[in-house]
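Here's a protein chain to look through together. Keep the picture open beside you and turn it around as you read.

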Amino acid sequence: MEEKGRFPRFESVRNDHAVTSYITEQNNSMKALHYTEHSFAHVGVVTERTKYILETLGTDDHTIDLALSAAWLHDIGNIVNRVDHSQTGALMAFQILNRLGFPAEDIAPIICAIGNHDEGNGVPVSTLSAALILADKSDVRRNRVQEEDVSRFDIHDRVNYSVTQTELKINQNHTIIKLKLSIDTKYCEIGEYFEIFMDRMLLCKRAANFLQMEFNLIINEHVLM
Ligand SMILES: [Fe+2]
Ligand SMILES: [Fe+2]
């Protein structure tokens with residue numbers, strides 16, 4: 001039997017039946033609301049990027065393991081309502097992690113990161129929350145569009161659909177984190193990207209600053225931030 005408090009613990013979160021159900025069901029709600037994909041592809045990308053950021057910055061294994069759980073669980077609150085989903089998700093995560101036997105000192109940083117990941121009222125208050133913000137807000141890509149009828153695309157669909165390549169990279173000196181996007185301007189103008197993502201990019205900048213880096217946004221080789 002696994003000893004309480006030992007890591008890695010992320011696998012117990014990823015393999016939990018209730019977690020799988022909540023992720024599946026919240027994405028069904030997002031689809032009904034004509035939102036972009038928030039399912040396993042999204043949480044998978046966010047988990048990988050969170051890991052990349054923290055490993056690159058030399059974070060210890062235990063903190064990385066907690067960060068992966070935060071990344072996997074970060075959007076479950078959408079099942080309650082999209083509004084304030086970061087806070088409801090944090091409370092849901094508390095229940096799940098408590099049931100899985102996580103100690104309070106491990107639950108605390110996870111629910112803190114989840115509760116602060118959204119641009120509405122989230123603030124990078126810890127290394128873990130800053131990494132989660134950067135990983136989440138950089139997940140813009142064509143296959144996040146869930147609407148199949150192009151004539152029904154809204155601005156979020158058009159912007160996501162236009163993004164043909166995304167790369168999040170930290171430079172060798174760990175002074176800059178760059179989000180490089182390739183946008184097919186047939187579907188969206190660069191200005192439209194800013195129209196809907198300005199708040200997210202400003203939150204990324206604050207998250208990068210928390211991690212003592214600059215944030216660069218590069219679209220079609222133009223440095224915009
Ligand atoms: Fe979210
Ligand atoms: Fe998300």
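Let's start in the sheet, where lysine 169 stands opposite lysine 178 in E2. Bear in mind that this is a predicted model.

**The sheet**

A second facing pair is isoleucine 170 and isoleucine 177, the latter in E2. Strands E1 and E2 run antiparallel and are joined by seven bridges. They make a hairpin with five residues in between, and histidine 174 in that turn has a positive phi of about 60 degrees.

On its other pairing, E2 goes with strand E3 (residues 214-219) in the parallel sense, over six bridges. One link to look for there is lysine 180, whose bridge partner in E3 is isoleucine 218.

Put together, four strands form an open sheet in the order E1-E2-E3-E4, with mixed pairing. E1 and strand E4 (222-223) are the edge strands, each pairing on one side only.

Which residues of E2 sit on its covered face, and which on its uncovered one? The covered face of E2 (residues 176-183) holds Ile177, Leu179, Leu181 and Ile183. The uncovered face has Ile176, Lys178, Lys180 and Ser182. So you've met residues from both faces already: Ile177 is on the covered face, while Lys178 and Lys180 are on the uncovered one.

**The whole chain**

Now zoom out. The chain has nine helices and four strands. Reading from the N terminus, the elements go α-α-α-α-α-α-α-α-β-β-α-β-β.

How does the radius of gyration of the chain fit with a compact globule? A compact globule of 225 residues would have a radius of gyration near 17 Å, and the chain has 17 Å, so the two agree. Along its principal axes, the C-alpha trace spans about 55 × 45 × 25 Å. As for burial, 40% of the 225 residues count as buried. Among contacts with a separation of 6 or more, 61% come from residues 24 or more positions apart.

How confident is the prediction? The average pLDDT of the chain is 94, and 96% of the residues score at least 70. Be careful with residues 1-5, though: pLDDT is below 50 there, and beyond near neighbours in sequence this stretch has three contacts in the model.

**Helix H3 and the core**

Next, find helix H3 (residues 40-56). Its 17 residues reach 24 Å from the first C-alpha to the last, close to the 24 Å expected at 1.5 Å a residue. The buried residues of H3 are His42, Val43, Val45, Val46, Thr47, Arg49, Thr50, Ile53 and Leu54. What covers them includes helix H2 (17-32), helix H4 (61-73), helix H7 (127-137) and strand E1 (163-170). Just after H3, glycine 58 takes a positive phi of about 80 degrees.

The largest nonpolar core has 53 residues, and the members touching the most others are Ala67, Ala70, Ala71, Ala93, Ala131, Leu132 and Leu134. H4 gives the most to this core, with eight residues. Try following alanine 131: leaving out residues up to four places away in sequence, it touches Thr50, Ile53, Leu54 and Ala67. Thr50, Ile53 and Leu54 are also among the buried residues of H3.

**Three residues to find**

Is threonine 20 buried or exposed? This residue of helix H2 counts as exposed because it has 12 C-beta neighbours inside 10 Å, and the cut-off for exposed is 12 or fewer. Its C-alpha lies 33 Å from that of leucine 217, which is 197 residues away along the chain.

Two other residues, neither of them glycine, have a positive phi: aspartate 84, near 60 degrees, and glutamate 221, near 75 degrees. Aspartate 84 is in the loop between H4 and helix H5 (85-99), and glutamate 221 is in the loop between E3 and E4. Here is how the neighbour counts come out:

| Residue | Other C-beta atoms within 10 Å | Class |
|---|---|---|
| Threonine 20 | 12 | exposed |
| Aspartate 84 | 15 | partly exposed |
| Glutamate 221 | 7 | exposed |

Aspartate 84 is partly exposed because its count of 15 falls between the cut-offs, 12 or fewer for exposed and 20 or more for buried.

Terms used
Residues are numbered from 1 along each chain as its sequence is written. Chains are lettered from A and ligands numbered from 1 in the order in which they are written. This is a predicted model: local features need pLDDT of at least 70, side-chain atom pairs count only at pLDDT 80 or more; totals for chains, interfaces and linings use all residues. Helices (H or I, at least four residues) and strands (E, at least two) are DSSP runs, numbered from the N terminus. The expected span of a helix is 1.5 Å times one less than its number of residues. Two residues are in contact if their C-beta atoms, placed from the backbone, lie within 7 Å. The radius of gyration is taken over C-alpha atoms; the globule rule is 2.2 Å times the number of residues to the power 0.38. A nonpolar core is a set of buried Ala, Val, Leu, Ile, Met, Phe, Trp, Tyr and Cys residues joined through C-beta atoms within 7 Å. pLDDT is the predictor's confidence in each residue, from 0 to 100. Two strands pair if DSSP finds at least two bridges between them.
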